[in-house]
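Biologist: I'm new to this one. Could you walk me through it?

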Amino acid sequence: AEAWRARDLAVLWHPCTQMREHPDALPLFPVARGDGAWLVGHDGQRVLDAVSSWWTNIHGHAEPRIATAIANQAHTLEQVILAGCSHAPAVELAERLLALAPREAGRAPLSKVFYADNGSAGVEVALKMAFHWFHNQGITGRTRFVALHGSYHGETLGALSVGDLPLYRRVYAPLLLDVLFAPSPDAFGSRNVTDAITRANAAADALAVLFETHAGEICAFILEPLVQCAGGMRMHHPQYLRRVRELCDTHGIFLIADEIAVGFGRTGTLFACEQGGIQPDLLCLSKGLTGGFLPLCAVLATQRIYDGFLDDSRERAFLHSHSYSGNPLACAAALASLNIFASDAVLARNHDTAQMMAALAAPLRSYPLVAEVRQTGMILAIELSPEPDNHDDGHAVEIAGRRGLRMYRHALEHGVLLRPLGDVLYWMPPYCIDTAQLQHLASVTAATLEEASRCA
Ligand SMILES: *Cc1c(COP(=O)(O)O)cnc(C)c1O
(Lines give C-alpha, C1' and ligand atoms only; values in the text may rest on other atoms or scores of the structure.)
Protein backbone atom coordinates (compact mmCIF):
# COMPACT_ATOMS: atom_id res chain seq x y z
CA ALA A 1 0.00 0.00 0.00
CA GLU A 2 2.82 2.39 0.88
CA ALA A 3 4.43 1.95 -2.55
CA TRP A 4 1.11 2.67 -4.30
CA ARG A 5 0.60 5.76 -2.16
CA ALA A 6 3.97 7.14 -3.24
CA ARG A 7 3.45 6.33 -6.92
CA ASP A 8 -0.04 7.82 -6.83
CA LEU A 9 0.98 11.10 -5.24
CA ALA A 10 3.83 11.41 -7.73
CA VAL A 11 1.45 11.48 -10.70
CA LEU A 12 -2.22 11.89 -9.74
CA TRP A 13 -4.25 15.01 -9.09
CA HIS A 14 -7.31 13.80 -7.19
CA PRO A 15 -10.89 15.09 -7.59
CA CYS A 16 -12.45 17.34 -4.97
CA THR A 17 -9.20 17.39 -2.99
CA GLN A 18 -6.77 19.99 -1.67
CA MET A 19 -3.70 17.97 -2.61
CA ARG A 20 -1.73 19.70 0.16
CA GLU A 21 -3.70 17.62 2.66
CA HIS A 22 -2.21 14.40 1.27
CA PRO A 23 -0.68 12.39 2.75
CA ASP A 24 -0.49 13.78 6.31
CA ALA A 25 -3.86 15.35 7.14
CA LEU A 26 -5.72 13.15 4.70
CA PRO A 27 -4.57 9.54 4.33
CA LEU A 28 -4.81 8.02 0.88
CA PHE A 29 -6.40 4.56 0.74
CA PRO A 30 -5.11 2.47 -2.18
CA VAL A 31 -7.82 -0.07 -3.00
CA ALA A 32 -6.76 -3.41 -4.43
CA ARG A 33 -10.23 -4.79 -5.08
CA GLY A 34 -13.89 -4.53 -4.22
CA ASP A 35 -16.05 -7.24 -2.72
CA GLY A 36 -19.73 -6.43 -2.21
CA ALA A 37 -19.98 -3.63 0.33
CA TRP A 38 -16.24 -3.96 1.12
CA LEU A 39 -13.23 -2.22 -0.31
CA VAL A 40 -10.10 -4.28 0.18
CA GLY A 41 -6.70 -2.63 0.59
CA HIS A 42 -3.35 -3.97 -0.63
CA ASP A 43 -2.48 -5.10 2.86
CA GLY A 44 -5.76 -6.97 3.11
CA GLN A 45 -7.60 -4.42 5.29
CA ARG A 46 -11.36 -4.39 4.69
CA VAL A 47 -13.16 -1.06 4.65
CA LEU A 48 -16.93 -0.78 4.40
CA ASP A 49 -17.96 1.55 1.58
CA ALA A 50 -20.62 3.49 3.51
CA VAL A 51 -20.84 6.13 0.75
CA SER A 52 -21.26 3.69 -2.16
CA SER A 53 -18.20 5.28 -3.79
CA TRP A 54 -19.76 8.71 -4.26
CA TRP A 55 -23.27 7.21 -4.38
CA THR A 56 -22.68 5.25 -7.58
CA ASN A 57 -22.44 1.69 -6.37
CA ILE A 58 -25.80 0.16 -5.57
CA HIS A 59 -25.48 -3.64 -5.82
CA GLY A 60 -21.98 -3.96 -4.34
CA HIS A 61 -18.49 -3.86 -5.81
CA ALA A 62 -17.45 -6.32 -8.52
CA GLU A 63 -21.04 -7.61 -8.73
CA PRO A 64 -20.53 -10.72 -10.90
CA ARG A 65 -23.70 -10.40 -13.02
CA ILE A 66 -22.87 -6.84 -14.05
CA ALA A 67 -19.20 -7.74 -14.59
CA THR A 68 -20.22 -10.61 -16.86
CA ALA A 69 -22.66 -8.46 -18.83
CA ILE A 70 -19.92 -5.91 -19.50
CA ALA A 71 -17.43 -8.62 -20.50
CA ASN A 72 -19.91 -10.21 -22.90
CA GLN A 73 -20.76 -6.85 -24.42
CA ALA A 74 -17.05 -5.99 -24.78
CA HIS A 75 -16.56 -9.11 -26.90
CA THR A 76 -19.52 -8.13 -29.10
CA LEU A 77 -19.57 -4.36 -29.57
CA GLU A 78 -17.58 -2.08 -27.28
CA GLN A 79 -18.46 1.33 -28.72
CA VAL A 80 -20.07 2.78 -31.79
CA ILE A 81 -20.94 6.30 -32.88
CA LEU A 82 -24.56 6.91 -31.82
CA ALA A 83 -25.27 9.49 -34.53
CA GLY A 84 -26.59 7.57 -37.54
CA CYS A 85 -25.95 4.19 -35.89
CA SER A 86 -27.98 2.23 -33.38
CA HIS A 87 -27.34 -0.75 -31.13
CA ALA A 88 -29.43 -3.10 -29.04
CA PRO A 89 -28.19 -2.10 -25.55
CA ALA A 90 -29.01 1.59 -26.14
CA VAL A 91 -32.49 0.77 -27.49
CA GLU A 92 -33.33 -1.79 -24.83
CA LEU A 93 -32.14 0.44 -22.01
CA ALA A 94 -34.21 3.36 -23.31
CA GLU A 95 -37.29 1.11 -23.53
CA ARG A 96 -36.77 -0.17 -20.00
CA LEU A 97 -36.12 3.28 -18.48
CA LEU A 98 -39.18 4.81 -20.12
CA ALA A 99 -41.33 1.93 -18.88
CA LEU A 100 -40.02 2.42 -15.32
CA ALA A 101 -40.06 6.24 -15.29
CA PRO A 102 -42.40 8.11 -12.92
CA ARG A 103 -45.96 8.47 -14.27
CA GLU A 104 -48.62 10.97 -13.40
CA ALA A 105 -52.28 10.37 -14.26
CA GLY A 106 -53.45 12.64 -17.06
CA ARG A 107 -49.94 13.64 -18.18
CA ALA A 108 -48.25 12.38 -21.32
CA PRO A 109 -45.42 10.05 -20.24
CA LEU A 110 -41.70 10.63 -20.66
CA SER A 111 -41.11 9.13 -24.06
CA LYS A 112 -37.58 9.85 -25.34
CA VAL A 113 -34.10 9.16 -23.99
CA PHE A 114 -31.01 11.26 -24.73
CA TYR A 115 -27.71 9.77 -23.52
CA ALA A 116 -24.78 11.66 -22.05
CA ASP A 117 -21.77 10.12 -20.39
CA ASN A 118 -21.81 11.54 -16.85
CA GLY A 119 -24.13 13.39 -14.51
CA SER A 120 -22.89 16.94 -15.11
CA ALA A 121 -23.09 16.41 -18.85
CA GLY A 122 -26.69 15.19 -18.45
CA VAL A 123 -27.59 18.32 -16.47
CA GLU A 124 -26.10 20.43 -19.28
CA VAL A 125 -28.27 18.49 -21.74
CA ALA A 126 -31.45 19.16 -19.75
CA LEU A 127 -30.67 22.87 -19.31
CA LYS A 128 -29.83 23.35 -22.98
CA MET A 129 -32.91 21.41 -24.12
CA ALA A 130 -35.23 23.53 -21.96
CA PHE A 131 -33.79 26.81 -23.23
CA HIS A 132 -33.59 25.64 -26.85
CA TRP A 133 -37.19 24.39 -26.84
CA PHE A 134 -38.49 27.88 -26.12
CA HIS A 135 -36.08 29.34 -28.65
CA ASN A 136 -37.51 27.00 -31.26
CA GLN A 137 -40.98 28.35 -30.47
CA GLY A 138 -39.72 31.85 -31.21
CA ILE A 139 -39.64 32.66 -27.48
CA THR A 140 -36.19 34.09 -26.87
CA GLY A 141 -36.78 35.86 -23.55
CA ARG A 142 -36.82 32.71 -21.43
CA THR A 143 -33.11 32.62 -20.71
CA ARG A 144 -33.03 31.94 -16.98
CA PHE A 145 -32.99 28.88 -14.77
CA VAL A 146 -34.26 28.57 -11.22
CA ALA A 147 -32.57 26.28 -8.69
CA LEU A 148 -32.72 25.76 -4.93
CA HIS A 149 -30.47 27.06 -2.20
CA GLY A 150 -28.14 24.27 -1.13
CA SER A 151 -28.50 22.48 -4.47
CA TYR A 152 -25.81 20.53 -6.28
CA HIS A 153 -26.00 19.53 -9.93
CA GLY A 154 -22.40 18.93 -10.98
CA GLU A 155 -19.18 20.75 -11.82
CA THR A 156 -19.24 21.80 -15.47
CA LEU A 157 -19.98 25.51 -15.85
CA GLY A 158 -23.69 25.17 -16.63
CA ALA A 159 -24.24 22.57 -13.92
CA LEU A 160 -22.15 24.60 -11.48
CA SER A 161 -24.29 27.66 -12.26
CA VAL A 162 -27.43 25.92 -10.97
CA GLY A 163 -25.58 24.70 -7.88
CA ASP A 164 -25.40 26.65 -4.62
CA LEU A 165 -22.43 25.33 -2.66
CA PRO A 166 -20.18 28.38 -2.17
CA LEU A 167 -16.86 26.55 -1.94
CA TYR A 168 -17.35 24.90 -5.33
CA ARG A 169 -18.91 27.89 -7.04
CA ARG A 170 -17.44 31.11 -5.62
CA VAL A 171 -14.20 31.25 -7.62
CA TYR A 172 -15.99 30.64 -10.89
CA ALA A 173 -18.82 33.11 -10.22
CA PRO A 174 -17.69 35.52 -12.97
CA LEU A 175 -18.06 32.72 -15.53
CA LEU A 176 -21.44 31.41 -14.46
CA LEU A 177 -25.00 31.87 -15.72
CA ASP A 178 -27.26 34.32 -13.92
CA VAL A 179 -29.41 31.80 -12.08
CA LEU A 180 -32.31 32.57 -9.73
CA PHE A 181 -32.24 30.72 -6.41
CA ALA A 182 -35.30 29.84 -4.37
CA PRO A 183 -35.44 28.85 -0.68
CA SER A 184 -34.88 25.17 0.04
CA PRO A 185 -37.84 23.20 1.44
CA ASP A 186 -35.32 21.56 3.81
CA ALA A 187 -37.16 20.09 6.79
CA PHE A 188 -34.15 20.23 9.17
CA GLY A 189 -35.32 20.56 12.75
CA SER A 190 -38.97 19.80 12.00
CA ARG A 191 -40.63 18.20 15.01
CA ASN A 192 -43.18 16.25 12.99
CA VAL A 193 -44.71 15.72 9.57
CA THR A 194 -46.97 18.75 9.91
CA ASP A 195 -43.89 20.90 10.44
CA ALA A 196 -42.19 19.43 7.39
CA ILE A 197 -45.29 20.09 5.26
CA THR A 198 -45.40 23.68 6.52
CA ARG A 199 -41.77 24.11 5.44
CA ALA A 200 -42.55 22.59 2.05
CA ASN A 201 -45.51 24.93 1.54
CA ALA A 202 -43.53 27.98 2.66
CA ALA A 203 -40.75 27.17 0.20
CA ALA A 204 -43.29 26.59 -2.56
CA ASP A 205 -44.97 29.94 -1.78
CA ALA A 206 -41.59 31.65 -2.12
CA LEU A 207 -41.01 29.86 -5.41
CA ALA A 208 -44.40 31.10 -6.63
CA VAL A 209 -43.39 34.69 -5.87
CA LEU A 210 -40.10 34.19 -7.73
CA PHE A 211 -41.93 32.72 -10.74
CA GLU A 212 -44.35 35.67 -10.76
CA THR A 213 -41.64 38.29 -10.35
CA HIS A 214 -39.73 36.85 -13.28
CA ALA A 215 -42.68 35.85 -15.43
CA GLY A 216 -41.61 35.17 -18.99
CA GLU A 217 -37.87 35.05 -18.14
CA ILE A 218 -37.61 31.48 -16.87
CA CYS A 219 -37.29 28.36 -19.01
CA ALA A 220 -36.74 25.69 -16.36
CA PHE A 221 -36.66 24.89 -12.66
CA ILE A 222 -34.20 22.21 -11.59
CA LEU A 223 -34.24 20.32 -8.29
CA GLU A 224 -33.01 17.19 -6.54
CA PRO A 225 -36.31 15.59 -5.46
CA LEU A 226 -36.62 14.60 -1.76
CA VAL A 227 -32.94 14.86 -0.81
CA GLN A 228 -30.39 17.58 -1.62
CA CYS A 229 -27.47 15.26 -1.31
CA ALA A 230 -24.16 17.09 -1.74
CA GLY A 231 -25.68 20.07 0.09
CA GLY A 232 -25.66 17.97 3.27
CA MET A 233 -28.40 15.36 2.82
CA ARG A 234 -31.10 18.01 3.32
CA MET A 235 -34.45 16.25 3.14
CA HIS A 236 -37.89 17.61 2.29
CA HIS A 237 -41.48 16.45 2.31
CA PRO A 238 -42.96 15.14 -0.99
CA GLN A 239 -45.61 17.85 -0.67
CA TYR A 240 -42.99 20.21 -2.12
CA LEU A 241 -42.85 18.14 -5.31
CA ARG A 242 -46.62 18.38 -5.79
CA ARG A 243 -46.58 22.14 -5.30
CA VAL A 244 -43.61 22.55 -7.64
CA ARG A 245 -45.28 20.51 -10.36
CA GLU A 246 -48.38 22.73 -10.18
CA LEU A 247 -46.35 25.94 -10.18
CA CYS A 248 -44.27 24.89 -13.17
CA ASP A 249 -47.48 24.03 -15.07
CA THR A 250 -49.10 27.33 -14.15
CA HIS A 251 -46.12 29.35 -15.39
CA GLY A 252 -45.23 27.19 -18.39
CA ILE A 253 -41.81 26.39 -16.91
CA PHE A 254 -40.12 23.03 -17.51
CA LEU A 255 -39.50 20.93 -14.43
CA ILE A 256 -36.12 19.19 -14.46
CA ALA A 257 -35.77 16.44 -11.86
CA ASP A 258 -32.13 15.68 -11.15
CA GLU A 259 -32.35 12.12 -9.80
CA ILE A 260 -28.67 11.49 -10.46
CA ALA A 261 -28.07 10.75 -6.77
CA VAL A 262 -31.55 9.81 -5.53
CA GLY A 263 -32.68 7.63 -8.44
CA PHE A 264 -32.65 3.83 -8.58
CA GLY A 265 -34.09 2.98 -5.20
CA ARG A 266 -32.05 5.28 -2.99
CA THR A 267 -35.06 7.01 -1.39
CA GLY A 268 -37.21 3.88 -1.02
CA THR A 269 -39.02 4.06 -4.35
CA LEU A 270 -37.31 3.41 -7.68
CA PHE A 271 -37.45 7.17 -8.34
CA ALA A 272 -37.93 9.93 -5.77
CA CYS A 273 -40.57 11.74 -7.90
CA GLU A 274 -42.90 8.78 -7.33
CA GLN A 275 -43.31 9.77 -3.68
CA GLY A 276 -44.83 13.07 -4.73
CA GLY A 277 -46.87 11.33 -7.43
CA ILE A 278 -45.34 13.67 -9.99
CA GLN A 279 -43.65 13.38 -13.33
CA PRO A 280 -41.01 15.88 -14.45
CA ASP A 281 -40.62 17.19 -18.02
CA LEU A 282 -36.95 16.21 -18.00
CA LEU A 283 -35.44 13.53 -15.78
CA CYS A 284 -31.66 13.14 -15.32
CA LEU A 285 -30.38 9.71 -14.28
CA SER A 286 -26.76 8.69 -13.72
CA LYS A 287 -24.62 7.47 -10.78
CA GLY A 288 -26.54 4.25 -9.87
CA LEU A 289 -27.76 3.82 -13.44
CA THR A 290 -25.01 1.33 -14.32
CA GLY A 291 -24.90 -0.16 -10.82
CA GLY A 292 -21.82 2.00 -10.29
CA PHE A 293 -19.70 0.25 -12.93
CA LEU A 294 -19.40 2.76 -15.78
CA PRO A 295 -20.19 6.42 -16.38
CA LEU A 296 -23.47 7.00 -18.20
CA CYS A 297 -26.33 9.47 -18.00
CA ALA A 298 -29.82 9.18 -19.42
CA VAL A 299 -31.95 12.29 -19.84
CA LEU A 300 -35.61 11.36 -20.27
CA ALA A 301 -37.82 13.91 -22.05
CA THR A 302 -41.47 14.31 -22.91
CA GLN A 303 -42.77 13.93 -26.44
CA ARG A 304 -43.68 17.62 -26.36
CA ILE A 305 -40.07 18.63 -25.78
CA TYR A 306 -38.82 16.21 -28.42
CA ASP A 307 -41.35 17.46 -30.96
CA GLY A 308 -40.20 21.03 -30.38
CA PHE A 309 -36.94 20.16 -32.15
CA LEU A 310 -38.42 18.49 -35.24
CA ASP A 311 -37.93 20.78 -38.23
CA ASP A 312 -36.34 21.05 -41.66
CA SER A 313 -33.64 23.24 -40.15
CA ARG A 314 -30.62 21.68 -38.47
CA GLU A 315 -30.35 24.69 -36.22
CA ARG A 316 -33.56 23.69 -34.55
CA ALA A 317 -32.16 20.23 -33.87
CA PHE A 318 -30.48 19.39 -30.59
CA LEU A 319 -26.92 19.19 -31.91
CA HIS A 320 -25.40 18.33 -28.54
CA SER A 321 -23.25 15.19 -28.50
CA HIS A 322 -20.66 13.28 -26.51
CA SER A 323 -18.16 10.91 -28.07
CA TYR A 324 -19.33 8.12 -25.79
CA SER A 325 -23.09 8.89 -25.87
CA GLY A 326 -24.92 5.63 -25.21
CA ASN A 327 -21.76 3.56 -24.91
CA PRO A 328 -22.76 -0.13 -25.32
CA LEU A 329 -20.72 -1.34 -22.33
CA ALA A 330 -22.36 1.21 -20.05
CA CYS A 331 -25.83 0.39 -21.42
CA ALA A 332 -25.18 -3.34 -20.91
CA ALA A 333 -24.15 -2.65 -17.31
CA ALA A 334 -27.34 -0.61 -16.78
CA LEU A 335 -29.51 -3.39 -18.20
CA ALA A 336 -27.81 -5.92 -15.92
CA SER A 337 -28.42 -3.59 -12.96
CA LEU A 338 -32.13 -3.31 -13.82
CA ASN A 339 -32.32 -7.10 -14.02
CA ILE A 340 -30.93 -7.33 -10.50
CA PHE A 341 -33.66 -4.98 -9.24
CA ALA A 342 -36.21 -7.47 -10.56
CA SER A 343 -34.51 -10.79 -9.76
CA ASP A 344 -33.36 -9.86 -6.24
CA ALA A 345 -36.48 -7.85 -5.26
CA VAL A 346 -34.10 -5.04 -4.34
CA LEU A 347 -36.72 -2.45 -3.35
CA ALA A 348 -38.40 -4.86 -0.92
CA ARG A 349 -35.02 -5.78 0.59
CA ASN A 350 -34.13 -2.08 0.88
CA HIS A 351 -37.31 -1.52 2.86
CA ASP A 352 -36.05 -3.96 5.51
CA THR A 353 -32.48 -2.62 5.36
CA ALA A 354 -33.72 0.96 5.83
CA GLN A 355 -35.63 -0.12 8.94
CA MET A 356 -32.52 -1.75 10.29
CA MET A 357 -30.53 1.42 9.59
CA ALA A 358 -33.13 3.43 11.52
CA ALA A 359 -32.99 1.08 14.50
CA LEU A 360 -29.17 1.08 14.59
CA ALA A 361 -28.97 4.87 14.30
CA ALA A 362 -31.65 5.59 16.94
CA PRO A 363 -29.23 5.46 19.91
CA LEU A 364 -27.00 8.05 18.21
CA ARG A 365 -29.74 10.67 18.80
CA SER A 366 -28.79 10.83 22.47
CA TYR A 367 -25.19 11.90 21.75
CA PRO A 368 -24.74 15.49 22.96
CA LEU A 369 -23.04 16.37 19.66
CA VAL A 370 -25.92 15.12 17.50
CA ALA A 371 -28.48 17.73 16.46
CA GLU A 372 -30.61 15.49 14.27
CA VAL A 373 -30.80 12.02 12.77
CA ARG A 374 -32.92 11.95 9.62
CA GLN A 375 -33.61 9.36 6.97
CA THR A 376 -35.16 8.95 3.56
CA GLY A 377 -35.01 5.31 2.50
CA MET A 378 -31.41 4.22 2.06
CA ILE A 379 -29.98 7.62 3.04
CA LEU A 380 -29.44 8.20 6.74
CA ALA A 381 -27.91 11.49 7.88
CA ILE A 382 -26.53 12.37 11.31
CA GLU A 383 -26.24 16.12 11.69
CA LEU A 384 -23.83 17.38 14.34
CA SER A 385 -24.06 20.73 16.05
CA PRO A 386 -21.92 23.19 14.09
CA GLU A 387 -18.19 23.16 14.57
CA PRO A 388 -17.10 26.43 16.21
CA ASP A 389 -14.19 27.19 13.84
CA ASN A 390 -16.46 26.48 10.93
CA HIS A 391 -15.29 25.71 7.44
CA ASP A 392 -17.61 27.39 4.98
CA ASP A 393 -20.47 29.27 6.65
CA GLY A 394 -22.06 25.99 7.65
CA HIS A 395 -22.37 24.82 4.07
CA ALA A 396 -21.67 21.22 3.37
CA VAL A 397 -18.16 20.56 2.15
CA GLU A 398 -16.73 17.07 2.07
CA ILE A 399 -14.43 16.18 4.99
CA ALA A 400 -13.83 19.83 5.79
CA GLY A 401 -12.50 21.38 8.95
CA ARG A 402 -10.52 19.78 11.73
CA ARG A 403 -13.45 17.75 12.98
CA GLY A 404 -14.39 16.45 9.54
CA LEU A 405 -10.85 15.31 8.81
CA ARG A 406 -10.58 13.66 12.20
CA MET A 407 -13.84 11.78 11.76
CA TYR A 408 -12.81 10.66 8.27
CA ARG A 409 -9.45 9.37 9.49
CA HIS A 410 -10.90 7.70 12.53
CA ALA A 411 -13.59 5.85 10.58
CA LEU A 412 -11.13 4.77 7.90
CA GLU A 413 -8.69 3.40 10.48
CA HIS A 414 -11.57 1.41 11.96
CA GLY A 415 -12.75 -0.04 8.68
CA VAL A 416 -15.44 2.32 7.37
CA LEU A 417 -15.29 4.83 4.52
CA LEU A 418 -17.37 7.75 5.81
CA ARG A 419 -17.04 11.15 4.15
CA PRO A 420 -18.82 13.75 6.28
CA LEU A 421 -20.40 16.65 4.41
CA GLY A 422 -19.66 19.61 6.62
CA ASP A 423 -21.43 18.84 9.90
CA VAL A 424 -23.31 15.92 8.43
CA LEU A 425 -22.19 12.30 8.71
CA TYR A 426 -24.22 10.03 6.50
CA TRP A 427 -24.81 6.42 5.55
CA MET A 428 -25.54 5.74 1.93
CA PRO A 429 -24.39 2.13 1.63
CA PRO A 430 -24.63 -0.30 -1.29
CA TYR A 431 -27.99 -2.06 -1.14
CA CYS A 432 -26.34 -5.47 -0.63
CA ILE A 433 -25.14 -4.45 2.85
CA ASP A 434 -26.01 -7.16 5.39
CA THR A 435 -26.88 -7.09 9.08
CA ALA A 436 -23.34 -7.73 10.34
CA GLN A 437 -21.97 -5.01 8.06
CA LEU A 438 -24.65 -2.56 9.24
CA GLN A 439 -23.73 -3.32 12.85
CA HIS A 440 -20.08 -2.67 12.04
CA LEU A 441 -21.10 0.62 10.39
CA ALA A 442 -23.16 1.66 13.42
CA SER A 443 -20.46 0.83 15.96
CA VAL A 444 -17.72 2.61 14.01
CA THR A 445 -20.05 5.61 13.56
CA ALA A 446 -20.65 5.71 17.32
CA ALA A 447 -16.90 5.57 17.99
CA THR A 448 -16.35 8.28 15.37
CA LEU A 449 -18.87 10.54 17.11
CA GLU A 450 -17.06 9.98 20.39
CA GLU A 451 -13.83 10.93 18.67
CA ALA A 452 -15.53 14.06 17.32
CA SER A 453 -16.70 15.10 20.80
CA ARG A 454 -13.15 14.78 22.11
CA CYS A 455 -12.11 17.11 19.30
CA ALA A 456 -14.75 19.72 20.15
C1 LIG B 1 -23.17 13.73 -8.61
C2 LIG B 1 -24.28 14.58 -9.02
C3 LIG B 1 -24.25 15.26 -10.25
C4 LIG B 1 -23.07 15.25 -11.17
O5 LIG B 1 -22.77 13.98 -11.66
P6 LIG B 1 -21.27 13.67 -12.15
O7 LIG B 1 -21.36 12.36 -12.81
O8 LIG B 1 -20.43 13.67 -10.91
O9 LIG B 1 -20.89 14.76 -13.08
C10 LIG B 1 -25.37 15.99 -10.60
N11 LIG B 1 -26.44 16.06 -9.79
C12 LIG B 1 -26.49 15.43 -8.61
C13 LIG B 1 -27.73 15.52 -7.79
C14 LIG B 1 -25.40 14.69 -8.17
O15 LIG B 1 -25.43 14.12 -6.96
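Modeller: Sure, one term to begin with: helices (H or I, at least four residues) and strands (E, at least two) are DSSP runs, numbered from the N terminus. Also, this is a predicted model: local features need pLDDT of at least 70, side-chain atom pairs count only at pLDDT 80 or more, and totals for chains, interfaces and linings use all residues. Residues are numbered from 1 along each chain as its sequence is written, and side-chain values use heavy atoms, leaving out hydrogens and water.

Biologist: Got it. Where does tryptophan 54 sit?

Modeller: Tryptophan 54 is in helix α2, residues 52-55. Its phi is near 60°, a positive value in a residue other than glycine.

Biologist: What's usual for phi, then?

Modeller: Most residues other than glycine have a negative phi, and most peptide bonds are trans. Tryptophan 55, found in helix α2, has a positive phi too, of about 70°.

Biologist: Are those tryptophans buried or exposed?

Modeller: Buried means under 20% relative accessible area, exposed over 50%, and partly exposed in between (1.4 Å probe, protein chains only). Tryptophan 54 counts as partly exposed because its relative accessibility is 33%, while tryptophan 55 is at 6% and so counts as buried.

Biologist: And the peptide bond from histidine 22 to proline 23, is it cis or trans?

Modeller: Cis, with omega near -5°. Proline 23 is in the loop between α1 (2-11) and β1 (31-35).

Biologist: Let's switch to the ligand. Which residues surround it?

Modeller: Trp55, Asn118, Gly119, Ser120, Tyr152, His153, Gly154, Glu224, Asp258, Ile260, Ala261 and Lys287. A residue is near a molecule or strand if one of its heavy atoms lies within 4 Å of it.

Biologist: How does that shell split by class?

Modeller: The shell has 4 nonpolar, 5 polar and 3 charged residues. In this scheme Ala, Val, Leu, Ile, Met, Phe, Trp, Tyr, Cys and Pro count as nonpolar, Asp, Glu, Lys and Arg as charged, and the others, Gly among them, as polar.

Biologist: Which ligand atom does the side chain of aspartate 258 approach?

Modeller: First, the cut-off: a polar contact is a pair of N or O atoms within 3.5 Å; within protein, one must be able to donate a hydrogen and the other to accept it, and residues adjacent in sequence count only if both atoms are side-chain atoms. A polar side-chain atom of asparagine 118 is 3.4 Å from an oxygen atom of the ligand, and one of serine 120 is 2.5 Å from a ligand oxygen atom. For aspartate 258, the partner is a nitrogen atom of the ligand, 2.6 Å away.

Biologist: How much of the ligand does the protein cover?

Modeller: The protein covers 84% of the 380 Å² of accessible area that the ligand has on its own. Such areas come from the Shrake-Rupley method with a 1.4 Å probe; for residues, only the protein chains shown count as cover.

Biologist: Okay, salt bridges. How many are there?

Modeller: A salt bridge is a side-chain nitrogen of Lys or Arg within 4 Å of a carboxyl oxygen of Asp or Glu, and by this rule the count comes to 21. In one of them, the side chains of aspartate 249 and arginine 107 meet at 2.6 Å, N to O.

Biologist: Which parts does that pair tie together?

Modeller: Aspartate 249 lies in helix α9 (residues 239-251) and arginine 107 in the loop between α4 (88-100) and β4 (110-116), so the pair ties together parts that are 142 residues apart in sequence.

Biologist: Any other pair worth pointing at?

Modeller: Glutamate 217 and arginine 144 form a salt bridge with their side chains, at 3.3 Å from N to O. That links distant parts of the chain, 73 residues apart: glutamate 217 is in the loop between α8 (193-213) and β7, and arginine 144 is in strand β5 (residues 144-148). Glutamate 217 counts as partly exposed because its relative accessibility is 27%, whereas arginine 144, at 15%, is buried.

Biologist: Last thing: which residues make the nonpolar surface patch?

Modeller: Leu157, Val171, Tyr172 and Leu175 make that patch, of about 420 Å². Patches are made of residues with over 30% relative accessible area and no salt bridge: like charges are joined within 9 Å, nonpolar side chains (Val, Leu, Ile, Met, Phe, Trp, Tyr) within 5 Å. Leucine 157, in helix α6 (residues 157-161), is at 43% relative accessibility and so counts as partly exposed.
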